[in-house]
Every structure is written in structure tokens, then in C-alpha cells.
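Trainee: Please take me through one part of this model closely. Start with how its strands pair, then show me what lies around them.

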Amino acid sequence: MQHSLQSDVIVVGSGPGGATVARELARAGKKVLLLERGQDHRPRSYYGTYLGALLYSDRGSLLFTEEGLNIIRPLMVGGATSMYCGCAAPPPTWFKAKYGVDINTEVSETIEELEIEALPVELRGKASTHIAQAAQALGYNWEPQLKFMKPARAEKFDCGAKCMLGCRCHAKWSAAEYVDQAVAAGCDLRTGARVDRVKIEAGHIVGVEGDLNGEPFTARAGNVILSAGGIGTPRILQASDSSLLQGAGDGMTMDITVMVYGTITGLGNGKEPPMTWSWENPEEGYMLSTLIDPWLLYPLINSLKGLRYALTWPRWKNTLGVMIKLKDDVSGGVFSNGRISKPMTDRDRPRMRGAEEVSRRILIEAGANPETIFTTPLRGTHPSGTVRVGTLVDENLQTEIQGLYVCDASVFPEALARPTVLTIIGLSKRLAKHILQH
Ligand SMILES: Cc1cc2nc3c(=O)[nH]c(=O)nc-3n(C[C@H](O)[C@H](O)[C@H](O)COP(=O)(O)OP(=O)(O)OC[C@H]3O[C@@H](n4cnc5c(N)ncnc54)[C@H](O)[C@@H]3O)c2cc1C
């Protein structure tokens, strides 16, 4: 049976991009249909466990680029904020200066609304603070990291590396809360709704089509906002019948990430909230922070580098971890045959090596045994830059198809090399205002 739905606005994907714009438009009285391919796993007993992470991330967290970079891609209500570290960072200044995208008002509103701030000093973790102090002693100005986290919301604040599997103590905000608020304002949320392509008539968007819990469906609306994330959105555009949308997925940014680990007796940041301190190096284009993989993922990820690294597992509790996020060049892409490629460029490699050297010096200053220091395999948690502002969408996030917008990490024109979510929320609030005015 073919389902047929109708709305003023269709939003595809319920991560921070889709959830925010759906909430804003529903609250303003628009009839909004929010289509999410995943389910709402929050009420399930496995939410926030290793089993859960297998169930709700793409290919059980075993999604790799053809170069072997591991991508974590949660597919559920709330999108990747279901498994994020809860860090917040204002948009980079170049977004406004270079691309004319000014979201400062919307970002300030969000900081106030969600009470975004650093964790109090006593909750930042002894080992994490020790790493930050070692970095400061070397002249790197590490600062407390802003968080989408309110310990007071938790009955018992119980945050550690495991929170990347999903927050069970309720301290961390996720975009699923905006989805709840959108639904409370009248938004029609459909889960298990995978959009395959957009439908265009006479140069104007008319709707989408795809699969709704195993049955084909179509939905019609005068405005469609694609927020299916840095991988999902270009795939929908590639499958759609318009030459104006070709080029989606050609090139990608990822904020390529590694962790540098070192062992020290009696101290480790695995049981502490992730990323409580951080530092940016804008000249070289990278960010450092305090982070270590959750206990069970540690040997799995390190086995990709070699057995001897996986066998450092018993030292997990006594490991200090520094995370590197690189401002990687636009390279590779997401292709219509399912291929994902993200090669490091000749500019990326020496900058990553420089960041590794700085991390190593910090760990040694913190007292880690130099013999134990190693870097984890490459991974990516910020697939982005696949439908870039200035290339496929204008500064109002509209494609060349009237009424078809993209609002998610895909639109970043360059790698952010910093937490993305606050920027995405700012973009979504601004897009909602734009749609309401036109
Ligand atoms: C482990 C991890 C830690 C992170 N930590 C941080 C952090 O601390 N701070 C920060 O700012 N960022 C962090 N990030 C990154 C951040 O979560 C993402 O960049 C952000 O959520 C991207 O938002 P989005 O709206 O672009 O897409 P997503 O959050 O990816 O949401 C896209 C949604 O669309 C749905 N979808 C996909 N395809 C379709 C389709 N065809 N039809 C219907 N629905 C579809 C997906 O199921 C998903 O729910 C982290 C990410 C990970 C994985």
C-alpha cells in the first residue's frame, strides 16, 4: 500500500538540524511533518549501553571509509546528539566573515535557553584537570569546555566515557528534546521513515518519497528541509532527478580525530566526563581535548592498529587520553554507489603529526610513561561539508530548487574542527525565521 502524506513543511532527519527547525516552525504554527529513518530508542533498557550503540549506529559502528577511517553515525531520534560528548562551541568567526552567515543572535539565544556552560570545577575530573594543568605548564592555554550538560538534571550525575553510548543519567541535552517539543507544538513525527529522494516539478520542490516502515510512501509540501546529516543528505540529493543537485557529496570534511594515550599509575580519565577541558590551535587548525574511548570500545578500536595496542586494554583505568580534531581539507566524498572516501591531504598529514607531538609532550609533562604513548587509528564523528554553502546552497541554505533547503552539518563550507551542534542549532533557528518571512 502506498501512503500519501501532506504538510506545509517536510523536515527530513531529527538530529540538531532537523529537530531545531521542526520545533521553531511548529511553534510558529506551521504544519510540519518530521521524517526520521531511525526509532526513538530513549525509553529502551539498552539505551546508553554497548548493545544500544550497536543497534542504533550505522552498521553497528563498523562503518568505514575506503581508506579505513571509522565513522560513528547514530541513526535514531535526536541523530548524533544521542551519542555525542555534549560539548558546545560558538560558530567559527570565518562563517560570517567569509561566507556571510551570521548566526550570532541565534547562538546567544541558545546558550541562554539551554544554560550552556562549563561543568563546575569539581566535576571536570581529576585526571582531565591534571592533563589541562600539564598543558598550561607548557604554555598551551587549555580552558574549561562549554557543555550541553546540566548535572542538576540527573538524580545521580554519573558521566564518563560511556556517556558516548547514550546518556543514561539525563544530565546531557540531546536534540530528541527539541523533537519532543516540536511534537508538543503539533509537529507530525514519523519514525521508520527513510526518505530516498526529493520530488521536483517545474523547478520547485513538491515533496519527497521513500519507505515508511517497509511500505513505499510519498509526502507533499511546498518547502522541504533536508537535515539527514553529512552522509544522509547528499545521498538523497544524488538519488533525486535534477541536474541542479548533482555535485552533492563531492568532497567532504570530517574533523578527522585520533586519541593519543599514555599510561600513568593511579590516574585515568575514562571514568570522568568526556572533554571537560580543551584548547584550539587556530594557526595550525586543530583542537585538543581530554578524552578516552569507553572501556569495551578501547580494545576494539585499537585492534585496528594492531594486537599489541589492543592488549594495552588492562591499562585503561590508568590511561590519560588527549583527543585531536583536525581541521581537515575538503577531500573525497560520499558517492551514489555507497562509497565513502576521506583521504588525508598533503596539508592534513604534517598538521596531524604536529598535533600528535604536542599531545605527546603534554602527556609526558602530566607524568605518562613515554614508552606507553601511542596514537589510535583515525576516525570521524563529524561527517560534514558535503553540500557546502557557496557551492550547492546559498547563504540562506536554499538549493537552486525553489523551496528545497539543506540544514545540517552538510552545509559547512570548511571543517569546523570544533563541536558542531551549537552552530547547527544556530543555522536552523535562522532558517526557520527565513522560511517564516518568505
Ligand atoms: C561519538 C560522537 C561524539 C560527538 N561529540 C560532539 C560534541 O561533544 N559536541 C558537538 O557539537 N558535536 C559532537 N558530535 C557531532 C554532532 O553530534 C554531529 O555533528 C551533529 O549531530 C550533526 O547534526 P546533523 O543535524 O547534521 O545530523 P545528525 O545528528 O547526523 O542527524 C541526522 C538524522 O537524519 C536521519 N536520517 C539520515 N538519513 C535519513 C533519511 N534518508 N531519511 C530520514 N532520516 C534520515 C538520521 O537517522 C539522523 O537521526 C559528536 C558525534 C559523535 C558521533
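Mentor: Two strands pair here if DSSP finds at least two bridges between them. The strands themselves are DSSP runs (E, at least two residues), and helices are runs of H or I with at least four residues; both are numbered from the N terminus. This is a predicted model, in which local features need pLDDT of at least 70 and side-chain atom pairs count only at pLDDT 80 or more, while totals for chains, interfaces and linings use all residues. Residues are numbered from 1 along each chain as its sequence is written, and side-chain values use heavy atoms, with hydrogens and water left out.

Start with strand S2, residues 9-12. S2 pairs with strand S13, residues 223-226, in the parallel sense, over four bridges. Val9 has Asn223 as its bridge partner in S13. Ile10 stands opposite Val224. On its other flank, look at S3. Four bridges join S2 to S3, and this pair also runs parallel. Here Val12 faces Leu35 of S3.

Now widen the view. The open sheet has five strands in the order S9-S3-S2-S13-S23, with parallel pairing. Strand S9 (188-191) and strand S23 (404-406) are the edges, each paired on one side only. The twist averages 15° from one strand to the next; strand axes are lines fitted to C-alpha atoms (for helices, over the stretch in contact), and angles run from 0 to 180 degrees between N-to-C directions. At the S23 edge, three bridges join S13 to S23, again parallel. Val224 stands opposite Leu404 there. So Val224 has a partner on each flank: Ile10 in S2 and Leu404 in S23.

Next, the faces. In a regular strand the side chains alternate between the two faces of the sheet. Both faces of S2 are covered: Val9 and Val11 are buried on one side, Ile10 and Val12 on the other. Buried means under 20% relative accessible area; exposed is over 50%, and partly exposed lies in between (1.4 Å probe, protein chains only). S13 is covered on both faces too, with Asn223 and Ile225 buried on one side and Val224 and Leu226 on the other.

S3 leads on to the ligand. S3 (32-36) supplies at least two residues of the ligand shell, as do helix H1 (16-27), strand S10 (193-201), helix H7 (229-238) and helix H11 (421-437). In total, 36 residues surround the ligand, and the closest are Glu36, Ala80, Ala409, Thr420 and Val421. A residue is near the ligand if one of its heavy atoms lies within 4 Å of it. The shell divides into 19 nonpolar, twelve polar and five charged residues. Nonpolar covers Ala, Val, Leu, Ile, Met, Phe, Trp, Tyr, Cys and Pro; charged covers Asp, Glu, Lys and Arg; the others, Gly among them, are polar.

Check three polar approaches. A polar side-chain atom of Glu36 lies 2.6 Å from a ligand oxygen. For Thr420, a side-chain N or O atom is 2.7 Å from an oxygen of the ligand. Gly86 uses its backbone: an N or O atom sits 3.2 Å from a ligand oxygen. The protein covers 95% of the 1,000 Å² of accessible area that the ligand has on its own. Those areas come from the Shrake-Rupley method with a 1.4 Å probe; for residues, only the protein chains shown count as cover.

S10 deserves a second look. With three residues, S10 gives the most to the shell. S10 also belongs to an open sheet of four strands, ordered S1-S12-S11-S10, with mixed pairing. Strand S1 (3-6) and S10 stand at its edges with a single partner strand each, so one side of each is left without a neighbour in the sheet. Neighbouring strands here are turned by 25° against each other on average, direction ignored. S1 pairs with strand S12 (residues 215-220) in the parallel sense over four bridges, and Gln6 stands opposite Arg220.

One last contact. Glu106 sits in helix H4, residues 104-113. Glu106 counts as buried because its relative accessibility is 5%. Its side chain makes a polar contact with the side chain of Lys433 at 2.8 Å. A polar contact is a pair of N or O atoms within 3.5 Å; within protein, one must be able to donate a hydrogen and the other to accept it, and residues adjacent in sequence count only if both atoms are side-chain atoms.
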